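Biologist: I am new to this structure and would love a close look at a single part. Could you pick one strand and walk me through its surroundings?

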Amino acid sequence: MPQALAVEAGVLALQRTAATQQAVSGQVRLSAPPQLLSEVLLPELAAFRQQFPEIDLLLLGERRNASLEQGEAELALRLGEPQTPDLIARPVAAVGYGLYGTVAWQEQSRENRVFVGFDDSMPGLWLKEWFDAHLAGRRQVLRSNDLATQLRAAREGWGVALLPHFLGRQAPELVCLEAEAPPVRTLYLLMHPDVRKAQRVRVLADFLVVLFQRLDLSR
């Protein structure tokens, strides 16, 4: 097994090195949280496509972390401090959160509000831990492990949901109800050192860095 793993690592390194020799064309795989891809990145990537029409994008919206070491993606956007020392990690944005609900919930007293929360399928999720501690036993009428479902439920008046500002502020039915919120999280852009010189990867990475410098996701 150790020998097989060493061979696999060598092959993957060779593939990454070969990819650096390619021109500004081909496919680039980007892994990121689903709602960040659909609501923030996708509307902005039209400009990238105009500038680099020969690059094809594969956008991987997933809650799990794609393995850059195993070649599942060339770039990844991840919230929180990276735990893989072999990857290049660059902080690109601060993501803020708030408690969002309809105007009807805004008119209710804080004690009478009910909530849309997280289920128990992701133990250790920092948002869930903060949310549960903040509620201190208050009623959660709906729980889900899907952020899009929580957003839809909040928009339909089920209760108050903890949402990133880039989602909550785009929903016309929702208002940010409470000043208290979890601390902002740092969004990191990750890549493997072997692919950083590949032009097709480099231009997308540079585009993302500039994009997040322009956007404010903290509020």
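**A close look at strand S6**

Modeller: Happy to! In this predicted model, S6 and strand S8 (residues 160-164) run parallel and are joined by two bridges. On the S8 side, Phe-115 has Val-160 as its bridge partner. S6 also pairs with strand S7 (residues 140-144), again in the parallel sense, this time over four bridges. Two places to look for that pairing are Val-116, which stands opposite Leu-142 in S7, and Phe-118, which stands opposite Ser-144 in S7.

Now step back to the whole sheet. The sheet is open and has five strands, in the order S7-S6-S8-S5-S9, and its pairing is mixed. S7 and strand S9 (174-176) are the edge strands with a single partner each, so each has one side without a neighbour in the sheet. From one strand to the next, the twist averages 45°.

What lies across these strands? Helix H4 lies across strand S5 (97-102), S6, S7 and S8, and runs at about 140° to S6. Helix H5 (residues 147-155) lies across S5, S6, S7, S8 and S9, and its direction is about 130° to that of S8.

Let us stay with S6 and H4, where aromatic rings come into play. The model has five aromatic pairs by the rule used here. One of them joins Phe-115 and Phe-131: the ring centres are 6.0 Å apart and the planes meet at 75°, an edge-to-face arrangement. Phe-115 belongs to strand S6 (residues 115-118) and Phe-131 to helix H4 (residues 126-135), so this pair ties together parts 16 residues apart in sequence. Phe-115 and Phe-131 are both buried.

Phe-131 also pairs with Phe-118. Here the centres are 5.8 Å apart and the planes stand at 85°; planes over 60 degrees apart count as edge-to-face, so this pair is edge-to-face. With Phe-118 in strand S6 and Phe-131 in helix H4, the pair ties together parts that are 13 residues apart in sequence. Phe-118 is buried, as is Phe-131. To sum up this spot, the ring of Phe-131 in H4 pairs with Phe-115 and with Phe-118, both of them residues of S6.

Elsewhere in the model, ring pairs link Phe-48, Phe-52 and Phe-207 into a cluster.

From S8 you can move on to another spot, His-165, which is found in helix H6 (residues 165-168). Is His-165 buried or exposed? Its relative accessibility is 7%, and under 20% counts as buried, so His-165 is buried. The side chain of His-165 makes a polar contact of 2.6 Å with the side chain of Tyr-100. Leaving aside neighbours within four places in sequence, His-165 also touches several other residues, including Gly-96, Gly-98, Cys-176 and Arg-219.

A last stop is the largest nonpolar core, which has 57 residues. Leu-41, Leu-75, Leu-77, Leu-208 and Phe-212 have the most contacts inside it. Helix H7 (residues 199-214) gives the largest share of this core, with nine residues. Take Leu-41 as an example: setting aside its neighbours within four places in sequence, Leu-41 is in contact with Leu-30, Leu-36, Leu-77, Leu-208, Leu-211 and Phe-212.

Conventions:
Residues numbered from 1 in each chain as written. Predicted model: local features only at pLDDT ≥ 70, side-chain atom pairs only at ≥ 80, totals over all residues. Heavy atoms only, no water. Phe/Tyr/Trp six-rings, centres within 6.5 Å; stacked < 30°, edge-to-face > 60°. Buried < 20%, exposed > 50% of the residue type's maximum accessible area, 1.4 Å probe, protein only. Pairing = 2+ DSSP bridges. Core = buried A, V, L, I, M, F, W, Y, C linked by side-chain atoms within 4.5 Å. Contact = heavy atoms within 4.5 Å. Axes fitted to C-alpha atoms, helices over the stretch in contact; angles between N-to-C directions. Polar contact = N/O pair within 3.5 Å; in protein donor to acceptor, adjacent residues only side chain to side chain.
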